Amino acid sequence: MNKDSVIKAATQFAGADADISLEQLGNGLIHQTYKAKNNTDKKTIVLQAINTTVFKKPEDIVLNYLQIYSHLQNHKNGIKIPAPVAATSTQLIWKDEADNNWRATEFINHSYSPMVADDEQAAYTVAKSFASFTKSLAGLDLKNLKEIIPGFHNLAFRYKQFEEAIIKAPQNLLLKATHIIAELRQRKKMVDFFERIKNSADYPTRVMHHDCKISNILFDKETNQVICPVDLDTVMPGKFFSDLGDMIRSMACTVDENNTAWEEINIRPTFYKAILDGYLEGIGNIFTEEEKKNIHYAGLILVYMQSLRFLTDFLNGDIYYKTNYPEQNLNRALNQLILLERLEEFLAREYLFSAYN
């Protein structure tokens with residue numbers, strides 16, 4: 001994105017003909033995001049060019065955000081997310097001459113987002129924050145929310161994609177993936193569990209964040225207390241396992257999904273417990289007895305799903321996930337399969353829980 005385009009967009013939201021200063025925020029893997037300051041009146045905003053390759057309907061992202069913001073404003077429950085900022089046209093999305101879709105929110109001063117949960121207390125805090133976010137939105141009519149990425153955490157859909165990729169894949173790729181394919185097929189009972197719960201009243205559909213990591217929590221620089229979750233693009237209806245499982249997958253593991261030192265892949269028991277404790281504290285009494293009973297499915301489903309997705313992409317020729325070498329998605333799938341095996345062993349040993357009985 002060239003600087004002139006960004007400045008032109010900034011003047012639409014931060015003030016026309018203003019002296020604008022810009023600072024890029026984040027790593028820009030999905031959207032292009034900037035801190036834009038109007039030096040005339042000191043108004044500061046977060047300005048973002050929405051990635052329409054990933055998010056086909058940018059207007060749905062903005063509509064969902066507005067619904068969430070309005071609900072939180074009207075239900076004084078202590079969670080405050082950044083206010084949406086309209087362009088000079090009074091619209092919440094402004095499209096430039098190159099068809100880039102821009103939106104803006106207020107910038108929260110004296111805030112920061114860590115990249116890694118360094119200890120169990122951080123993991124607990126993150127889990128509690130995302131659960132409290134879901135609880136605070138319990139009264140929001142789900143009919144008013146758009147499904148931003150259809151089938152995003154639909155395990156049956158992901159398994160179907162996996163099987164379709166096997167049918168179409170070249171022989172040389174199938175030979176490399178034989179062991180992982182067999183192991184993933186052996187765990188199809190998790191797909192059966194998903195099919196049982198997807199329409200069950202015991203497993204309500206709720207407003208879920210769907211991208212739960214500590215870098216998506218805003219903290220106060222002075223108090224180090226949580227301000228609110230951010231990056232709400234994937235907030236949409238979902239099931240109990242989505243956010244909790246995402247945090248188990250990303251925070252309870254010893255190494256990340258790109259690590260190929262297989263012997264180092266394991267579960268950190270104290271982090272796992274902290275994540276569960278924090279989530280149950282934050283979600284409170286809206287969690288059903290059946291959800292509590294099967295809470296350990298959360299991590300299993302998300303790790304399993306991620307292995308399926310990595311292997312599917314490998315068999316399809318690496319068309320979704322960015323890779324740095326030819327077999328990276330295959331290695332990522334194996335990484336997640338090993339993590340799944342370690343999680344199964346841990347749950348059987350520590351909680352006497354098995355998903356396959």
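**Figure 1. Thr-205 in the loop between α6 and β8.** In this predicted model, Thr-205 belongs to the loop that runs between helix α6 and strand β8, the strand formed by residues 206-208. The relative accessible area of Thr-205 is 37%, and because buried means under 20% and exposed means over 50%, this residue is described as partly exposed. Leaving aside residues up to four places away in sequence, Thr-205 touches Leu-142, Pro-237, Gly-238 and Lys-239. A further residue to look for in this view is Ala-138, which is 67 residues from Thr-205 along the chain, with 9.9 Å separating the two C-alpha atoms.

**Figure 2. Gly-151 in the loop between α3 and α4.** Gly-151 is found in the loop that lies between helix α3, residues 120-136, and helix α4. Its relative accessibility is 13%, and since the cut-off for a buried residue is under 20%, Gly-151 counts as buried. When residues up to four places away in sequence are not counted, Gly-151 touches Phe-157 and Arg-158. Ser-70, by comparison, is 81 residues away from Gly-151 in sequence, and the C-alpha atoms of these two residues are 26 Å apart in space.

**Figure 3. Helix α4 and the helices against which its buried residues pack.** Helix α4 covers residues 155-168, and because each residue is expected to add 1.5 Å, its 14 residues should span 20 Å, which agrees with the 20 Å found between its end C-alpha atoms. The buried residues of α4 are Leu-155, Ala-156, Arg-158, Tyr-159, Phe-162, Ala-165 and Ile-166. These buried residues pack against three helices, namely α5, α6 (residues 189-197) and α10 (residues 297-315).

**Figure 4. Helix α10 and the glycine that comes just after it.** Helix α10 has 19 residues, and the distance from its first C-alpha to its last is 27 Å, close to the 27 Å expected at 1.5 Å a residue. Of the 19 residues in α10, 19 are buried, so this helix is largely enclosed by the rest of the structure. Just after α10 comes Gly-317, which takes a positive phi of about 95°.

**Figure 5. The crossing of helices α5 and α11.** Two packed helices are described by the distance between their axes and by the angle between those axes. Here the axes of α5 (residues 171-186) and α11 (residues 328-350) come within 11 Å and cross at roughly 35°, and the crossing in which α5 passes α11 is left-handed. On the side of α5, the contact is made by Lys-176, Ala-177, His-179, Ile-180, Glu-183 and Leu-184, while α11 contributes Leu-330, Ala-333, Leu-334, Leu-337 and Glu-341. Sorted by character, the residues of this contact divide into 7 nonpolar, 1 polar and 3 charged.

**Figure 6. Helix α1 and the strands that cover its buried residues.** Helix α1 is formed by residues 3-14, and at 1.5 Å a residue its 12 residues should span 16 Å, which agrees with the 15 Å between its end C-alpha atoms. The buried residues of α1 are Val-6, Ala-9, Ala-10, Thr-11, Gln-12, Phe-13 and Ala-14. What covers these buried residues includes the strands β1 (20-24), β2 (32-38), β3 (44-50), β4 (84-85), β5 (94-95) and β6 (101-106). Just after α1 the chain reaches Gly-15, which takes a positive phi of about 130°.

**Figure 7. Positive phi at His-110 and Leu-352.** His-110 is a residue other than glycine, yet its phi is positive, with a value near 60°, and this residue lies in the loop between β6 and β7, the latter formed by residues 111-112. Leu-352, which is not a glycine either, has a positive phi of about 55° and is placed in the segment after α11. The relative accessibility of Leu-352 is 76%, and because exposed means over 50%, Leu-352 counts as exposed.

**Figure 8. The setting of the close-ups in the whole protein.** The protein contains 11 helices and 11 strands. Its radius of gyration is 21 Å, close to the 21 Å that the globule rule gives for 357 residues, so the protein is as compact as a globular protein of that length. The C-alpha trace spans about 65 × 50 × 35 Å along its principal axes, and buried residues make up 52% of the 357 residues. Among contacts between residues at least 6 apart in sequence, 71% join residues that are at least 24 apart.

Methods
Residues are numbered from 1 along each chain as its sequence is written. This is a predicted model: local features need pLDDT of at least 70, side-chain atom pairs count only at pLDDT 80 or more; totals for chains, interfaces and linings use all residues. Side-chain values use heavy atoms; hydrogens and water are left out. Axes are lines fitted to C-alpha atoms, for helices over the stretch in contact, and angles run from 0 to 180 degrees between N-to-C directions. Helices (H or I, at least four residues) and strands (E, at least two) are DSSP runs, numbered from the N terminus. A crossing is left-handed if the near helix is turned anticlockwise from the far one by less than a right angle, and right-handed if clockwise. Contact means heavy atoms within 4.5 Å. Ala, Val, Leu, Ile, Met, Phe, Trp, Tyr, Cys and Pro count as nonpolar, Asp, Glu, Lys and Arg as charged, and the others, Gly among them, as polar. The expected span of a helix is 1.5 Å times one less than its number of residues. Buried means under 20% relative accessible area, exposed over 50%, partly exposed in between (1.4 Å probe, protein chains only). The radius of gyration is taken over C-alpha atoms; the globule rule is 2.2 Å times the number of residues to the power 0.38.
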